[in-house]
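Me: I am new to this protein and would like to learn how to read its features one at a time. Could you take me through them slowly?

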Amino acid sequence: MNPIQCRRLSLTPILLTLGLAGAATAIATEEGDRIREAMIEVPVEERVFNDHITILSSPWMGGRLPGTPGMEYARDYVIYWYEQAGLEPGMFDAQTGERSWKQAFELGSKTEFRDQSLVVDGTNGEVVFDLGADFEFTGLGGDGEIEGEMVFVGYSIDDGNDDYQSFEEDTDLTGKIAVMLRFEPMDETGNSLWNDRRWSRKSTFASKFGALEKRNPAGVILINPPGADDPRSGELMRGTSKVIDDVPVFMMTPDAGESLAAACDPKGRSLLELRKLADQGTTLVEFEGSVAAAGAIERTPSFAENVLGVLPGRGELKDEYIVIGGHLDHLGMGEFGSRRGSGNLHPGADDNASGAAALMMLGESLRRSYDALPEDMPLRSIMFAAFDAEESGLNGSRYYVDNPPHEIDDVALMINFDMIGRVNEQGLSVTGVDTGEGMREWAQPFFDECGLEIVLKEGMRGGGSDHASFYRKGIPVLFAICADFHDDYHTPDDTPDQIYRTAGVKTVKLFHELALDAAKRPEKFAFGTGDSNSDSGSARAPGPARPRALRVRLGIRSRQLADDAGLEVVNVTADSTADKGGIQPGDIIKKWDKNPMKSRAELVSRLAELSPGDEVQVLVERDGEERIVFLKMLAPK
Ligand SMILES: [Zn+2]
């Protein structure tokens, strides 16, 4: 069913209760005020669900990107409703005795670049380059002031194909500034000489700066080469991660590089001519003249904050917890993780204003249920956690499980909502019923009663949200998400008008019942792995899935990096899943479905969970910049 049909359908009962029918319906609807009429008729819970989502996804919230004012407004909004619900601040400082709503944690750093300058004193006069237009001082290396002679080093490649070498055996750049071209030797069309379609691994910054570092330069000027067939050659980089220690790295446009060559090449060659020399092999050219350049980098840590409210328990169960979570953050203006690029508001109505709405509603409804229960009835405490920075890799929930405001072993159950605003006749997907022994049997009657089509997911597939952080700690989880994964996901079209309010509220009510019952049960569920097919029942320690035939093929060869830094892609098979998704040799896979990716064994066990057609969001680092690629899994050929 398309959304338009559905909206018409959902109005039908309202019109019937108004006593309108047949042809008169259409006329009355047109003459009346349809939104007003609908809002008067609709149950109050649906209005509340609607209001929370509409407000959280309004432009005022700016797409709720961590570190922005919009995210701050969103947190204040949640705190307001936690207070209205009568929850208590979830953070407790044991030293001062103070309570607070926010749990702050470090999330990367803000980098400021200052005092940048680049002046070349060549045989043909002085050239002062313009910051931003001609050059940028980058985060690829260190900072400081440099001054010295320049050496053009071509592409800075050791041991390329066909015995290609940029350097001579004894090249020593001590005290000199290396002038280097980006990418690798190219043909007339500006494409790699060595690879059919994309650049080879020799073109990566890791490889090129590695070759340079051995020759000990005092600084680097990196130039986007003229004629390269790569959109990145039109951009200057700045805020990148480091690829070389202590050596300041400046980056230049092809035009600026042209002026540099005109001022300094001893034979008066153009940059394009120098590039063509470098396309053929060794190209060391001692430029005439010198360069003076400077730049300062100041890094200050950035913080994100989880919003935590607690409903205190009673009696002997008081120190145990049910954690109900849902992430509050989204993609801002699409700066990160968008499937359609940046520049437009990403409202994130379904992802995950809908889950945050559920948190606020459950805070209120569960507090009321607690008030109505006998005072001597033992009840677990319930922690309502609006997590921050989920989209960039489950950061808020990971911090929470490592630094919980209570003992982590005291969490009896974690419930996570992520995208419950698009639950339609395809149903509500629930993952994790086998992560606690007996949980499936316990939950089934609630599922039967809730009036929704419940789609139980086997195993822990769909682990790309905050419940994964709790599961990794050996805590039983239930994860709710719409079964009909929509195309508006991570686009500006994830708007409030598309939300299914009735099913959303049924979802909230279902989890009210589940959470309340879980809070009363005398015993905790023993942890299981979520694999209902396991021979030994469901209780197994968390770990990689048992080997089985993969139903999908990624199409890369990879190398595990030291210090859990990720997997470096060595090779990409043509027309494979990885190739079609845009993964390139030299990319470092850092996160898979928002979870850290550390080993090849882990990759294989993740692949074992997938079927053809499944989509996975992967965080890769390419030439010092992190980017998200979306992989649509293909079957092995
Ligand atoms: Zn989400």
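The dialogue below goes from confidence to domains, then to a helix and some backbone details.

Me: How confident is the predictor in the protein chain, and over which residues does pLDDT stay under 50?

Reply: This is a predicted model, and a reading of it can begin with confidence. The protein chain averages a pLDDT of 90, and 92% of the residues score at least 70. Against that background, pLDDT stays under 50 over residues 1-26, for which the model has 15 contacts beyond four places in sequence. The value also stays under 50 over residues 533-545, where the model has 24 such contacts.

Me: Which domains does the assignment give, and what separates the centres of domain 1 and domain 2?

Reply: A domain may be assembled from several pieces of the chain, as domain 1 is here, with residues 42-66, 81-107 and 304-520. Domain 2 covers 113-299, while domain 3 covers 556-632. Taken over C-alpha atoms, the centres of domain 1 and domain 2 are separated by 49 Å.

Me: Is helix α10 mostly covered or uncovered, and what covers its buried residues?

Reply: In general, an α-helix has 3.6 residues a turn, so residues three or four places apart point the same way. Helix α10, residues 395-402, is mostly covered, with seven of its eight residues buried. Those buried residues are Asn395, Gly396, Ser397, Arg398, Tyr399, Tyr400 and Val401. Their cover includes the strands β4 (102-122), β11 (285-311), β12 (321-327) and β13 (381-387), together with helix α12 (467-471).

Me: Which form does the peptide bond from Asp351 to Asn352 take, cis or trans?

Reply: Omega is the angle to read for a peptide bond, and from Asp351 to Asn352 omega is near 0°, so the bond is cis by that reading. Asn352 lies in helix α9, which spans residues 349-372.

Me: What is phi of Asp159 and of Asn216, and where are these residues found?

Reply: Phi of Asp159 is near 50°, a positive value in a residue other than glycine, and Asp159 sits in the loop between β7 (144-152) and β8 (177-181). Phi of Asn216 is near 60°, again positive in a residue other than glycine, and Asn216 is placed in the loop between α6 (205-213) and β9 (219-223).

Me: Why does Asp159 count as exposed, and why does Asn216 count as partly exposed?

Reply: The reasoning rests on counting neighbours, and a residue is exposed if 12 or fewer other C-beta atoms lie within 10 Å of its own. Asp159 counts as exposed because it has 11 C-beta neighbours inside 10 Å, whereas Asn216 counts as partly exposed because it has 14.

Key
Residues are numbered from 1 along each chain as its sequence is written. This is a predicted model: local features need pLDDT of at least 70, side-chain atom pairs count only at pLDDT 80 or more; totals for chains, interfaces and linings use all residues. pLDDT is the predictor's confidence in each residue, from 0 to 100. Two residues are in contact if their C-beta atoms, placed from the backbone, lie within 7 Å. A residue is buried if 20 or more other C-beta atoms lie within 10 Å of its own, exposed if 12 or fewer, and partly exposed in between; C-beta atoms are placed from the backbone. Helices (H or I, at least four residues) and strands (E, at least two) are DSSP runs, numbered from the N terminus. Domain bounds come from an automatic or database domain assignment.
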